[in-house]
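Let's take a friendly walk through one protein model. Have a look at the picture first, and then we will go through a sheet and a cavity together.

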Amino acid sequence: MALNQKQRVEEFIDRWRGRGDEKQETQLFWLDLMQNVLGLQHAIESTKFEYKTAGNGFIDVLCPDARFLVEQKSSNVDLDKPEPRQGTMVTPIQQAVRYSDNLPLSLKPSKICVCNFRRFRLYDLESDPRAKGEPVDDFVLEDLYDHLGNLVSVFGRDNSRIMHEQQLSEHAGLLVANLHNALAAQYADPDAPRSHHSLAVLTVRLVFCLYAEDAGLFKPNSFSQYIEEYDAGHLRRAVISLFHVLNSKFEDRDPYLEDELKAFPYVNGGLFANPIEIPQFTDAIRDSLLAAGKGFNWRQISPVIFGSLMEETLSHDQRRQGGMHYTTVKNIHRVIDPLFLDDLSAELDRIEKDQTIGDKARSHRLRDYQNKLAGLRFLDPACGSGNFLTETFLRLRELENRALGDMLHDQGYLELGGENSLVKVSIDQFYGIEINDFAVAVSKTALWIAEQQALDDTEAIAGQAMPHLPLHDSGNIVCANALRYDWNELLPGGECDYVMGNPPFIGRNKKTDSQILDLQNVWGNGYDGNLDYATGWYRKASLYLTKASSKFALVSTNSITQGAPVPLLFKPLIEDGWRIAFAHRTFAWDAQSTDVAHVHCVIIGMDRNRDQTTTPILYSYQDINGDPSSNMVKHINGYLLDAPDVFAEARSQTMGPLGTDLNLCNFGSMARDGGHLILKDEQERDEALADPIAAKYVKTFIGSRELINSGERWCLWLKDASPSDLRQSRFLKSRVEQVRLFRLSSKAKSTREFATTAWLFAQDGQPDVTYLAIPKVFSGRREFATCKHYSPDVIASDLCFTCADSDGFNFAVIESSMFMAWQKGIGGRLKSDCRFSNTLVWNTLPLPPVDEAKRSAMIEAGKAILMARANHPGSSLADLYDPTFMPKDLRDAHQNLDKVVDVAFGAKSWLKDDNDARLQILFDDYVKLIG
């Protein structure tokens, strides 16, 4: 029986009462507390013990993500008594603050705990930066339960480094948006190409200046003070002068330059180089600049703030047209971690933990590792504001800084690298293509800021100053249409190691004419209208990368792994030698902007490792808004299933179902009537029934909604109506005339042709026998299909498919878990909902020949489902098949059906909840049946 939290605390206290040796038991104590009391699942991975600082100290416990540092002492140590440390007498909290001071900014804590196993003292550095006041909490081990909330909050999401950076980014984003909007208001036409570009560059220049004065690139507050000295009327000229100075080497400057301008450094990098259109400044612009400078510390922002900046300053329509959606850091890591970062981190771990080599040999291996990092080349061909490139650069520099710290520990000093620099990883290793010039300006600046922050961390580790300015020219981000541009012009494919990114989210039916031409340019004769816009990047990456070890990983909408697009996209890639090395199944996109993109995504990483020396990893989501579980699998196919590379391609109605015992499924009936053959409500129904002639032709009318939710609709079904009835009924005559006029006014020739038979549905798919109605779209949450039998006098709309099913055999098949595994595996989706297709799902369902005994058993099991449904009168199919509230007798009936159907498809026994096993059988059956 699971223990409650109070019991877990009591057991922890019992285990540690009277114990406490700093050297031997610190790690055991804190892991026990974090795992068994606080319930932190990843405590080992997220905690650093004995972490070495730049000042040659060792932090007992450091939790970077939680921004938490622990100075641990043995149980006999007085937490108030100073001890000699590095030549001075300090108390434990003074020692902890010293350690914090020697940490890079990216690792600095917000909370410190000093502890001697018997007593805990918590300090909040955000309210008391030097921890000189009283602790925010002070308690003994026996009182742990009463004070547990403070420890829980330390490790809570709201205190996490990611959340802290997000909050800072959101604040900065609002400041930048206000500044941008104030500037935009001064341009005569801010959307004109030249003005739009100038507005983008001007905004990022000003933001860089705000960052520079807080990060130490400029003298503290120098930019804000410079702005404050000028009123709005003279500020434009002052800013132009400043930009000129920032772009001028000291030896090239005016010798009579004013002192206030002499104080600014030479920045270079091209940021201030090109002339731009700068409008007159206003009080609103000046106020926005001063508010942004005085009210915020820009040094602490994450460079991905520029992603938010772009999102906030582009209109909703521009985002939709371009398919741009800002990628959060969490989603970036879902791409880059399995693509390369996990392997690079593991390689450094192995070097650090290798006890078979000495310090000198380890330093050589660390230097080789650093050179390896510096030799990698990365391309994001849809880079937007540079978030993938920026985050990758920061993580590579983090690994490099870690390696530098290890070398310092082994050697006691650090040798200068090539060109007298400790740092070898450079922003010159990162390349991007982006169609929006605003985003290009943003991405370059984001990389520059990332470079400065990484240098700050290197300084903290190495204990020596690093040159920050002038900037290097960041010319590796180009403004171009990635599907028309030759990527080799930017970076030859033979030199690129990784392609990554988040191409535009534009579905097959939402592409502009120009975007269709883009795809035709990439795919050539292989282009099909079913392909999403993002598939162009998959194809270009597969053709571009020629290095044997190269890989690529892209974010896409989940539609590319469903239905008809799967063979169109993945067949050519697999034929060219690529395989799916890892994949994230469907998850909800969480764009960090005020206009959240409501889409469902997948991530697919591909390599040429056809000999399978590395095992594919499949990430799956029980909750599409949650975190994934990961599983090593044999193979990942284009449907993101652990199954062979088999592609279910649509079978025409002429060919019929692959399962020879199945009946044809057909479209329901389409009115194409302007709503005049449909009786939209009870009032219109009653009006029709009041006409004795029209009343004969009023029929129940069902679509997906009525089928699933037990709603009621009606229509006029005039297929058998005599000409005299149509002429004599005033109601029918009026309705038919309105249909005729509607059809005649249509732009579609086929619709106009139907005007001559205006009393008939344009498409008649109505069965003349008892039929099974199948909804065109139904919830992906449901475990079973929501289908139902109807008599032929109930008219099925084109939102349903129909299947003649006099004995119930087809019903038994479609209500099985085997069918749903096939539907969810290879069928299309509308977001997360299942989209049924007769040609792609039903006609391809690989049902082997079924003998009479199995057929009878399946029919009887299907009847039991109908009986179970009948036990719950008044409940719709939506009620009955809600997975949370599904009645037990109905669930039992479905399980009994599955026991029969699983075996009919080839399973040795009932497969229970193992849908992966069902899919394996289905794909094996499919291969056999198609020959």
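## The sheet

Strands (E, at least two residues) and helices (H or I, at least four residues) are DSSP runs, numbered from the N terminus. Two strands pair if DSSP finds at least two bridges between them. This is a predicted model, where local features need pLDDT of at least 70, side-chain atom pairs count only at pLDDT 80 or more, and totals for chains, interfaces and linings use all residues. Residues are numbered from 1 along each chain as its sequence is written, and side-chain values use heavy atoms, leaving out hydrogens and water.

Now find the open sheet: nine strands with mixed pairing, in the order S11-S10-S9-S12-S13-S15-S14-S16-S17. Strand S11 (477–479) and strand S17 (629–632) are at the edges with a single partner strand each, so one side of each has no neighbour in the sheet.

## Inside the sheet and on it

Strands S12 (residues 498–501) and S13 (residues 551–557) run parallel, joined by four bridges. Tyr-498 stands opposite Lys-551 in S13.

Helix H19 (residues 535–544) packs on the sheet, in contact (heavy atoms within 4.5 Å) with S9, S12, S13 and S15.

## A cavity

Where is the largest cavity (on a 1 Å grid over the protein atoms alone, a set of points where a 1.4 Å probe fits but cannot get out)? Ile-574, Ile-580, His-635, Ile-636 and Asp-645 lie nearest its centre, among 11 lining residues (those with an atom within 4 Å of a point). Helix H20 (565–575) and strand S14 (579–588) each give two or more residues to this lining.

Note on methods: Axes are lines fitted to C-alpha atoms, for helices over the stretch in contact, and angles run from 0 to 180 degrees between N-to-C directions. On a 1 Å grid over the protein atoms alone, a cavity is a set of points where a 1.4 Å probe fits but cannot get out, and a pocket is an open set with protein on both sides within 12 Å along at least five of seven lines; lining residues have an atom within 4 Å of a point.
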